Amino acid sequence: MSRMFGSTAAQNPEEAMLSRLLQAKQDEVKQIFGAMDLSGDGTVSRTQLEAVLAAQGLDPSLSYITSELDEICGPDGMSFATFSKLMHSERSTVFKRTLMGELAIPNFPDFCEDVVKIFEDSRSCQSGKNATYIPQLANVDPLLYAFSLCTVDGQEFSYGDVDVPFCLQSCVKPFMYTMACREHGVDEVHKYIGREPSGVAFNAFTLNSEKKPHNPMINAGAITSCSLIMNDVPDSIRFAQVLEYLSDFAGGSRIGFNQPVYLSERDTADRNFALGYFMQHEGVFKEGTRLVNALEFYFQACSTEADCLTLARMASTLANGGVSPTTHKKVCDIETVKSTIQLMLSCGMYDYSGEWACTIGLPAKSGVAGAIMVVIPNVMGITVWSPPLDERGNSARGVDFCTRLANHFSFSIFDQLLKSSSKVDPTIPNPERSIRYQPVTAEGLRMVSGRDQASSSSSNSSTDTGKHDRLSDDDENDPRAQRKRVRA
């Protein structure tokens with residue numbers, strides 16, 4: 001009989017304990033496999049494997065997941081021998097991590113249920129008015145409301161009016177900053193732009209003591225960022241490159257352009273033109289900058305368009321250290337990401353940024369179209385969209401939603417320093433939650449698969465899925481590997 005699973009009579013206590021642990025592991029592997037083997041013929045169909053992934057917010061149609069399933073699942077399904085080898089191997093795959101509860105949010109359906117409740121509770125916030133200085137924004141239905149999230153493992157969920165596109169407006173500013181940094185480097189960019197909160201309105205005529213815009217998250221700084229991007233190429237090629245770059249952040253999702261908003265913004269841009277000439281007079285711009293060209297490029301960037309999930313994917317790429325969770329493409333280097341989310345934390349919410357940092361404690365950027373993009377480093381990106389704005393220019397209902405979210409979950413970077421027993425940490429599996437969402441148990445998988453609970457399919461119907469494969473856990477620059485070490 002195998003020494004691994006045979007009698008322990010001749011073994012010393014350490015060997016006996018190891019054998020028992022290995023036997024328990026093998027028994028659990030058999031139970032998990034049995035929970036997925038709906039036909040009882042010793043194989044698990046590809047359809048069932050895809051259902052297990054989809055139940056945790058992952059999109060089985062993504063190319064890297066398809067390749068992984070092709071590798072472990074033949075035409076007749078996956079055998080127990082293949083499954084056992086996969087579960088006992090050192091290799092990290094998305095399917096194994098799903099079963100072992102190692103995704104960014106292990107109990108994903110429960111988490112989404114909680115966020116939906118927070119979202120519905122925040123509907124009670126009825127304050128705010130649409131932006132009026134751009135006529136097209138004033139005409140947007142103020143009752144539209146949606147949120148989407150995308151984790152660093154590509155788990156996705158959307159709820160509300162998620163199919164309605166909106167202009168990015170100031171939510172594009174962090175990405176234009178990263179684009180300028182990609183071309184020139186962080187240090188070079190900050191020869192022209194500061195790093196301090198301004199403490200005044202986002203379109204104020206003010207510079208810091210070094211005669212620089214205070215930061216790249218306000219109009220003056222964003223115009224300067226745009227002035228540094230690809231000045232040696234034709235305007236059409238430059239803007240096409242911007243759309244491609246933003247799409248890379250969004251995992252390949254399409255980024256649109258709203259021509260009426262662009263024309264409206266340009267035609268009502270007296271203050272931004274005046275701000276540009278003020279900065280030119282003060283010597284802010286790099287030598288050779290074409291001011292009008294830079295301003296029009298800035299208006300174009302603000303008029304780019306996306307939906308809630310697309311912007312959440314963009315935020316998740318920042319949360320994932322510059323690597324898109326759904327394509328694995330490295331879009332931005334880690335130092336630029338670090339600088340960007342630091343600036344979003346301190347300066348991303350206009351002159352509400354200080355209050356936001358103290359109460360929410362997460363990097364974020366708002367825009368006057370009503371979107372708030374939130375980055376939870378190493379965990380996820382979230383976008384909430386509601387057009388009515390408060391007196392500071394942030395989405396009133398969006399701020400209320402984020403406040404409730406921060407009060408319920410220990411997402412704040414400060415919560416991570418001082419653990420609060422009153423808040424939920426959804427990155428840690430919780431055995432007290434609904435068992436059908438415990439992916440490491442046979443019973444949980446059986447319920448997800450529908451053997452014991454037919455309603456599980458309906459509970460997943462609102463989940464918008466998508467995915468990404470984990471980089472090596474040995475890569476010290478990989479935020480997911482760092483998260484795993486912190487949990488351990």
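**Entry 1: β9 and β10**

I started with strand β9 (residues 371-376), which is joined to β10 by six bridges, with the two strands running antiparallel. This is a predicted model, so I read everything below with that in mind. I then looked at how the chain gets from β9 to β10: the two form a hairpin with three residues between them. In that turn, N378 has a positive phi of about 70°. For a landmark along the pairing, I noted that V374 stands opposite I382 in β10.

**Entry 2: β10 and β3**

Next I asked which strand β10 pairs with besides β9, and found β3 (residues 146-151), antiparallel over six bridges. Here L149 stands opposite I382 in β10. A reminder to myself: strands of a sheet pair through backbone hydrogen bonds, either parallel or antiparallel.

How many residues of β10 (residues 380-385) are buried? I found six of the six, so the strand is largely enclosed by the rest of the structure. I also sorted the side chains by direction: M380, I382 and V384 point one way, while G381, T383 and W385 point the other way. Both sets are buried.

**Entry 3: helix α11**

I checked the length of helix α11 (residues 235-249) against its residue count. At 1.5 Å a residue, its 15 residues should span 21 Å, and the end C-alpha atoms are 21 Å apart, which agrees. Just after α11, I noticed that G251 takes a positive phi of about 70°.

Which residues of α11 are buried? My list reads R238, F239, V242, Y245, L246, S247, D248 and F249. I then looked up what covers them, and the cover includes the helices α8 (173-184), α10 (219-227), α14 (291-302) and α15 (308-319). The strands β6 (256-257) and β7 (304-306) are part of that cover too.

**Entry 4: helix α10**

Since α10 had come up as cover for α11, I went there next. Nine of the nine residues of α10 are buried, so this helix is largely enclosed by the rest of the structure. Among them are N219, G221, I223 and C226. The buried residues of α10 pack against α8, α11, α13 (270-281) and α14.

**Entry 5: the sheet with β6 and β7**

The two strands that help cover α11 belong to an open sheet of three strands, in the order β5-β7-β6 with antiparallel pairing. Its edge strands are β5 (166-167) and β6, each pairing on one side only. I looked closer at one of the pairings: two bridges join β6 to β7. The bridge partner of F257 in β7 is T304.

**Entry 6: a patch on the surface**

I moved to the outside and picked out a nonpolar patch formed by I413, F414, L417 and L418. Together they have about 430 Å² of accessible area. I placed L418 in the loop between α19 (413-417) and α20 (442-449). Is L418 buried or exposed? Its relative accessibility is 68%, so L418 counts as exposed, the cut-off being over 50%.

**Entry 7: the chain as a whole**

I ended with the totals. The chain has 22 helices and ten strands, and 56% of its 488 residues count as buried. Of the contacts with a separation of 6 or more, 68% are between residues 24 or more positions apart. The accessible surface comes to about 20,200 Å², and carbon and sulfur atoms hold 52% of it.

Terms used. Residues numbered from 1 in each chain as written. Predicted model: local features only at pLDDT ≥ 70, side-chain atom pairs only at ≥ 80, totals over all residues. Heavy atoms only, no water. Helix = DSSP H or I, 4+ residues; strand = E, 2+ residues; numbered from the N terminus. Expected span 1.5 Å × (residues − 1). Buried < 20%, exposed > 50% of the residue type's maximum accessible area, 1.4 Å probe, protein only. Contact = heavy atoms within 4.5 Å. Patch = residues over 30% accessible without salt bridge, like charges linked within 9 Å, V, L, I, M, F, W, Y side chains within 5 Å. Areas by Shrake-Rupley, 256 points an atom, 1.4 Å probe, with all protein chains shown as cover. Salt bridge = Lys/Arg side-chain N within 4 Å of Asp/Glu carboxyl O. Pairing = 2+ DSSP bridges.
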